[in-house]
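This report describes a two-chain model, taking its overall form, its core and its chain contact in turn. The sequence and structure are shown first.

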Amino acid sequence: MSVNRRDFLKYAGLSTILGLGGVSVIDKLFRSEAEAAVFNPIPEALSAERWAMVIDMSKFKTADDYNRVINACHSIHNVPELENEKHEIKWIWTEKYENTFPHQSDEYINESIKHQPFMVFCNHCANPPCVRVCPTKATFKRKDGIVMMDYHRCIGCRFCMAACPFGARSFNWEDPRPFIKNKNLDFPTRTKGVVEKCNFCAERLAKGLKPACVEASGGALVFGDLQNPDSEVRRILSSRYAIRRKPELGTGPSLYYIIGGNEHA
Amino acid sequence: MYNRGNIIAGLVIFAGLVSFPVYYNMGKEASIPEPKIDTPVIQQLDKKECVESKSFMRANHMQLLNDWRDSVAREGKRELITLGGKVFEKSLQNGCMKCHSNKKEFCDRCHSYANVNPYCWDCHIAPEENKT
């Protein structure tokens, strides 16, 4: 018995369809066991087009006002306290007036402002030079304006430290672990040979919390969306005169400083 | 052939030295590691399963962790994973290790058997294990 061409094609087509169907049936039966994990975005996460902060220096009065803010940040981010000053790691710290605003400082300014320590940290620039120089893209700018680091990629070349005009970055010259007093077990530490800096609390924003420094500042630091005209940050900026650090460099810092009390502002 | 004695003796010694590791480890075969999964959290799960099948995780967990890292750090896709009636973070330190709190018996067993040294724990803090 011979099969003619027409019949052969019919059989071939039919068996292909059966075969394909069979594979999918077998797949369903044996493979889909562990498909029960469901991934959902965190509903309370905060988002913005560009995060920014207003720092009202008139609300920093005592040493405790500064320390509370610094400790809030450094304790949750496992920032070590190193004895060697040259190895210092800092995410948020204080700077003298003339170093904070080097081209805007005035010799005859109010004495209390002249000698006031200024709260400084990463400016999360709109045009961040650290991102441009990073050879591995370990430092990058997120869509919401946060300049962030992926420590896995950092090779410790320190180009970013040279590029940053604000000194916002620190290098781990030694293993930081032994110098962290109380580790926050929910946040990683860093390791020897990587650069680190403020991350605008990206991990807290994702859970709907404002940055730790803002929470601890008692209203001296205000956090919000610079692109949203109704945000608290924009409301303050439209009513008070604020300056930024080294605007002439064109990096577009996202931190705004309000200096001087209400009576002269 | 000159110095036959020396050469042959030298070759024997050389062969003996080169094959020393083979003889030394003969019969001392390391047993195939079985990572332990009986932690308190896993015991409480309705259904004992991970985000992927056991075979997938065994072969591809490192790739999965890299993908998670990139999506969390770069794309900001921090998500919550609902699994076996519980909610976990998409994270190594705050996710995986909440179940697999036995790093020594879960991670290290295979890693030392395979002689791989991932640098996860240089930065990520391993859960504190009960020293019993």
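## Chain B and its contact with chain A

Of the 132 residues that make up chain B, 14% count as buried in this predicted model. The radius of gyration of chain B is 23 Å, whereas a compact globule of 132 residues would have a value near 14 Å. Along the principal axes, the C-alpha atoms of chain B fill a box of roughly 80 × 35 × 30 Å. Chain B contains 7 helices and 2 strands, and their order along the sequence is α-α-α-α-β-β-α-α-α. When contacts in chain B between residues at least 6 apart in sequence are considered, 67% join residues at least 24 apart.

The contact between the chains takes 23 residues from chain A and 23 residues from chain B. On the side of chain A that touches chain B, strand β1 (residues 38–41) of chain A gives the largest share, 4 residues. The residues on this side of chain A divide by character as follows.

| Character of residues, side of chain A | Number |
|---|---|
| Nonpolar | 13 residues |
| Polar | 4 residues |
| Charged | 6 residues |

Strand β1(A) also pairs across the contact: 4 bridges join it to strand β1 (residues 79–83) of chain B, and the two strands run antiparallel. Within this pairing, Pro41(A) stands opposite Glu79(B) in β1(B).

## Chain A and the nonpolar core

The domain assignment of chain A gives domain 1 (5–34) and domain 2 (51–258). The centres of these two domains of chain A, taken over C-alpha atoms, are separated by 61 Å.

In soluble globular proteins, nonpolar side chains tend to be buried together. The largest nonpolar core in this model has 56 residues, and Met53(A), Ile55(A), Ile92(A) and Leu221(A) have the most contacts inside it. Elements of chain A that give two or more residues to this core include β2 (51–56), α2 (63–76) and β9 (221–225), and α4 (54–73) of chain B does so as well. The largest share of the core, 5 residues, comes from β2(A). Leaving aside residues up to four places away in sequence, Leu221(A) touches Met53(A), Ile55(A), Cys213(A) and Val214(A).

Leu185(A) lies in the loop between β7 (170–171) and β8 (195–196) of chain A. Leu185(A) counts as partly exposed because it has 14 C-beta neighbours inside 10 Å. The C-alpha atoms of Leu185(A) and His77(A) are separated by 9.7 Å, although these residues are 108 residues apart along the chain.

Technical notes:
Residues numbered from 1 in each chain as written. Chains lettered and ligands numbered in written order. Predicted model: local features only at pLDDT ≥ 70, side-chain atom pairs only at ≥ 80, totals over all residues. Buried ≥ 20, exposed ≤ 12 C-beta atoms within 10 Å, placed from the backbone. Domains from an automatic or database assignment. Core = buried A, V, L, I, M, F, W, Y, C linked by C-beta atoms within 7 Å. Contact = placed C-beta atoms within 7 Å. Rg over C-alpha atoms; globule rule 2.2 N^0.38 Å. Nonpolar A, V, L, I, M, F, W, Y, C, P; charged D, E, K, R; others polar. Pairing = 2+ DSSP bridges.
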